[in-house]
Amino acid sequence: MFISAVDMTIVNVALPDIADDLNAGIGELQWVLDGFLVALAGLLLLGSGLADRFGRKRVFLSGIAGFGVASVLCALAPSTIALIGGRVLMGAAAACVLPPALSLIAVMFPPEERAQALGVWAATAGAGLVIGPVLGGLLVHEVGWQAVFLVNVPVALAVVPAGIKVLPESKRPGTPPLDLLGVALSILSLVGIVFALIEGADAGWTNPAVVASGVIGVVAGAAFVRVELRGRHPLFDVRVLARPAVAGGVVAILGIYIAFLGTIFLLPQYLQYVQGRSVVAAGLLLAPIGVGTAIGARYNARLFKALGARRAISGGLLALAASTALFLLLSRTTTIAVVMVGAGLIGLLITLVVAPATAVIMNDLGQEKAGDGGAVNQLARQVGGALGVAIIGTVFAGVYSKEIEEKLGRLSEPQRERATESIGEARAVLDTVPQPPRGELVARVDDAFDLAARIGFGTCVVVLLLAAAVAAIALPPDEG
């Protein structure tokens with residue numbers, strides 16, 4: 001849990017250095033994050049099924065070992081394509097770690113000790129969110145971006161031999177056959193849609209490959225629903241999504257993770273490129289996210305009980321939208337207080353909203369459908385994260401590209417095309433331009449990045465407002 005929480009923020013801090021070293025454009029940076037998230041989301045339920053069938057300990061430790069090996073491959077990647085491939089393998093390995101981890105806790109601890117064990121689990125996640133950006137900043141500054149992946153290796157080397165000794169093996173009796181067709185269709189749907197979103201901003205929305213990818217994604221998604229409705233042993237029961245309370249909780253979680261992953265995709269780059277802060281400073285400024293998460297974990301149950309589900313979720317989403325809107329105030333000279341307050345509030349409010357949204361889903365489905373409730377929760381988080389990087393990154397890339405075309409009109413077409421790939425490439429192009437126009441053009445590039453980031457943050461706010469409206473409509477009125 002610690003390395004998965006660390007990985008959520010540590011790679012984001014390293015994105016500017018990855019872009020500079022591997023000449024990665026905005027779309028490629030999106031895939032560095034989404035390669036992991038898409039693989040994790042698409043294979044999560046398969047990982048759970050494998051653990052139930054072949055042994056939770058065996059699958060868990062295999063996943064940890066695979067995560068360590070994939071991390072080494074990422075650190076050694078000589079190109080962006082190789083790095084994305086390594087990230088896909090990391091996501092696939094993580095899909096074999098997260099589902100059996102909770103099952104192992106349930107097996108190892110009796111009911112009277114389980115709450116305490118899960119408290120340690122949650123606290124560890126909060127610690128990972130605090131340490132991740134700070135550790136990432138220090139490692140990138142002192143060693144290089146490769147170190148943000150190598151940090152996973154000592155954890156894997158410690159966990160695997162310890163796990164062999166202390167973890168009990170367990171399986172689920174009467175495990176149904178694996179729904180491999182459902183897995184394939186779900187992956188095809190998610191990859192097709194995400195590919196169309198990311199590549200559409202670069203290649204054009206009418207590009208045949210982009211159109212074909214989007215169509216394949218939508219058709220595969222429809223086929224997935226059809227197969228799951230008719231199957232004797234579906235991957236998960238999609239009929240639960242028709243229940244208003246479940247739909248309200250799912251939309252809330254989707255909205256939160258779309259906005260959160262979109263925000264932390266943009267924010268480290270903004271701090272380093274526009275404000276000129278060091279990678280260490282950028283990491284420190286993101287640390288309040290984890291602090292807010294730790295505080296929220298102490299009070300989410302009380303808030304849920306005091307306000308009720310509808311008010312806690314819809315009101316929390318509105319507050320989260322207002323907190324994200326603080327980043328619309330960012331400029332070259334904005335004080336660090338705005339960033340730290342915004343980051344802390346986001347961490348706090350995510351915890352205060354996700355917990356009641358999860359509880360609403362689980363309570364509505366009851367004990368009989370608890371497995372489907374857990375699956376829906378996990379998928380909403382991972383799919384939301386993948387869509388967040390794709391949607392927000394694509395909005396940002398589209399605005400940035402359009403602005404660069406306009407602001408660097410005096411440059412040649414090949415120079416403009418290269419400059420639209422990323423702000424790092426734009427500055428490299430301008431290094432070849434003589435003074436006096438160079439200084440003015442560099443300021444224009446910064447302005448283009450600034451505007452694109454603001455619109456990206458604004459899109460996150462809109463997503464949260466829409467999620468709040470859906471939650472207010474779908475969830476039943478609170479009593480009292």
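A disulfide is taken here as a pair of cysteine sulfur atoms within 2.5 Å. By this rule, zero disulfides are counted in what is a predicted model. Cys74 takes part in no disulfide, its nearest cysteine sulfur being that of Cys96, 16 Å away. Seen from Cys96, the closest cysteine sulfur is in Cys74, at 16 Å, which is too far for a bond. With a relative accessibility of 0%, Cys74 counts as buried (under 20% relative accessible area, against over 50% for exposed and partly exposed in between; 1.4 Å probe, protein chains only). Cys96, at 19% relative accessibility, also counts as buried.

The model is predicted, and local features need pLDDT of at least 70, side-chain atom pairs count only at pLDDT 80 or more, and totals for chains, interfaces and linings use all residues. Residues are numbered from 1 along each chain as its sequence is written, and side-chain values use heavy atoms, with hydrogens and water left out.

The axes of helix 14 (residues 309-325) and helix 15 (residues 336-365) come within 9 Å and cross at roughly 155°. Helix 14 is therefore roughly antiparallel to helix 15 (angles over 145 degrees). In the contact (heavy atoms within 4.5 Å), helix 14 contributes residues including Ala312, Ile313, Gly316 and Leu320, and helix 15 residues including Leu345, Leu349, Val353 and Pro356. The residues of this contact of helix 14 with helix 15 comprise 14 nonpolar, four polar and no charged, where Ala, Val, Leu, Ile, Met, Phe, Trp, Tyr, Cys and Pro count as nonpolar, Asp, Glu, Lys and Arg as charged, and the others, Gly among them, as polar.

Conventions:
Axes fitted to C-alpha atoms, helices over the stretch in contact; angles between N-to-C directions. Helix = DSSP H or I, 4+ residues; strand = E, 2+ residues; numbered from the N terminus. Parallel < 35°, antiparallel > 145°, perpendicular 65-115°, else oblique.
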